[in-house]
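Visitor: Hello! I would like to learn how to read a protein structure, one feature at a time. Could we look at one together?

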Amino acid sequence: MKTIEKYAPSDLSEVIFGSENSQYLVNAIAQGAFDCHVLLHGPNGTGKTTTAELLAHTIGGEDALIETKDFNTVLAMPDLKDYLQRCASLARLTASGKYFVIWHEFDNAKANPNALWTALDDLGSDVMLILTTNNFMKIHLSLRSRCKVVEMPALTAQDVLPRAQWILQQEGLVLERDQLLTYLKPQQVSGDLRKYFGELDKLLYLHKQGLPMPPWNPAATRQAMRVV
């Protein structure tokens, strides 16, 4: 099993955030400091999808009621408000308490969002909308203005390092911090978590085959870290 699947976060404390401010804001929302809709935006592979799902379950519990229909299908409903109202009424009968609408890559939505934001205003805290997008500006202003906007920036090797080191240790591979950082650094070009975890898979393959780790230069790595 790939490390990105085997060690997928089971709660928000295991999510790798590229920004302390983003981590603070997500945790504050999860703890009830803000009762709001949420817009997570940033490049591919920064944990938006995972964060959205975990946020809903942190607030609503393991059995949180979450909208599963395609957003274009829901937005096209002539009775959108009534539909969400019925879902929210059902959610109020459960431990969840509210209905969660989680839509990923919402910049691909085709329908006019006017009916959605008016329904959200009418339904208040009974419905929580959580959107993810790679393109913040493609989300209609009427929705952006109703959401707490959380940027999920590209991840640096330093961001990923603690979790990566812990994962390798669980698999019996102990590497020096600077050595592992050397292997992770090339993936900063994309900042995509999938690329970082792909590097961990390669290192674990070498380890399990009894092969040497890729060469690295400790002095050069430490000098580069001092420059940064």
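Guide: Gladly! Keep in mind that this is a predicted model. Let us begin with disulfides: a search of the whole structure finds zero of them.

Visitor: How far is the sulfur of Cys36 from the nearest cysteine sulfur?

Guide: That neighbour is the sulfur of Cys147, 8.0 Å away, and Cys36 is in no disulfide. A disulfide needs two cysteine sulfur atoms within 2.5 Å, so the sulfur of Cys147, 8.0 Å from that of Cys36, is too far for a bond.

Visitor: Is Cys36 buried or exposed?

Guide: The idea is to compare relative accessibility with a cut-off: buried means under 20%. Cys36 counts as buried because its value is 13%, and Cys147, at 13%, counts as buried too.

Visitor: Now the strands, please. In what order do the four strands of the open sheet lie?

Guide: The order is β2-β3-β1-β4, and the pairing is parallel. To find an edge, look for a strand that pairs on one side only; here these are β2 (99–103) and β4. Neighbouring strands are turned by 15° against each other on average, direction ignored.

Visitor: How many bridges join β2 and β3?

Guide: Five, in the parallel sense. As an example, Tyr99 has Val127 in β3 as its bridge partner.

Visitor: Which helices lie against these strands?

Guide: Among them is α3, which packs on the sheet and touches β1, β2 and β3; the direction of α3 makes about 165° with that of β3. Another is α5 (residues 80–92), lying across β2 and β3 at about 125° to β2.

Visitor: Which residues of helix α2 are buried?

Guide: Between residues 20 and 30, they are Ser22, Leu25, Val26, Ala28, Ile29 and Ala30. Their cover includes β1 (37–41), α3, β3 (127–133) and β4 (147–151). At the start of α2, a side-chain oxygen of Ser19 comes to within 3.2 Å of the backbone nitrogen of Asn21. After α2 comes Gly32, with a positive phi near 90°.

Visitor: Finally, a loop residue. Where does Glu67 lie?

Guide: Look between α3 (48–60) and α4 (71–75). Glu67 counts as buried because its relative accessibility is 3%.

Visitor: What does the side chain of Glu67 reach?

Guide: One target is the backbone nitrogen of Lys69, at 2.8 Å; the Glu67 side chain also makes a polar contact with the side chain of Tyr83 at 2.7 Å. Residues distant in sequence can meet in space: Glu67 and Tyr99 are 32 residues apart along the chain, yet their C-alpha atoms are separated by 7.6 Å.

Conventions. Residues are numbered from 1 along each chain as its sequence is written. This is a predicted model: local features need pLDDT of at least 70, side-chain atom pairs count only at pLDDT 80 or more; totals for chains, interfaces and linings use all residues. Side-chain values use heavy atoms; hydrogens and water are left out. Buried means under 20% relative accessible area, exposed over 50%, partly exposed in between (1.4 Å probe, protein chains only). Helices (H or I, at least four residues) and strands (E, at least two) are DSSP runs, numbered from the N terminus. A polar contact is a pair of N or O atoms within 3.5 Å; within protein, one must be able to donate a hydrogen and the other to accept it, and residues adjacent in sequence count only if both atoms are side-chain atoms. Contact means heavy atoms within 4.5 Å. Two strands pair if DSSP finds at least two bridges between them. Axes are lines fitted to C-alpha atoms, for helices over the stretch in contact, and angles run from 0 to 180 degrees between N-to-C directions.
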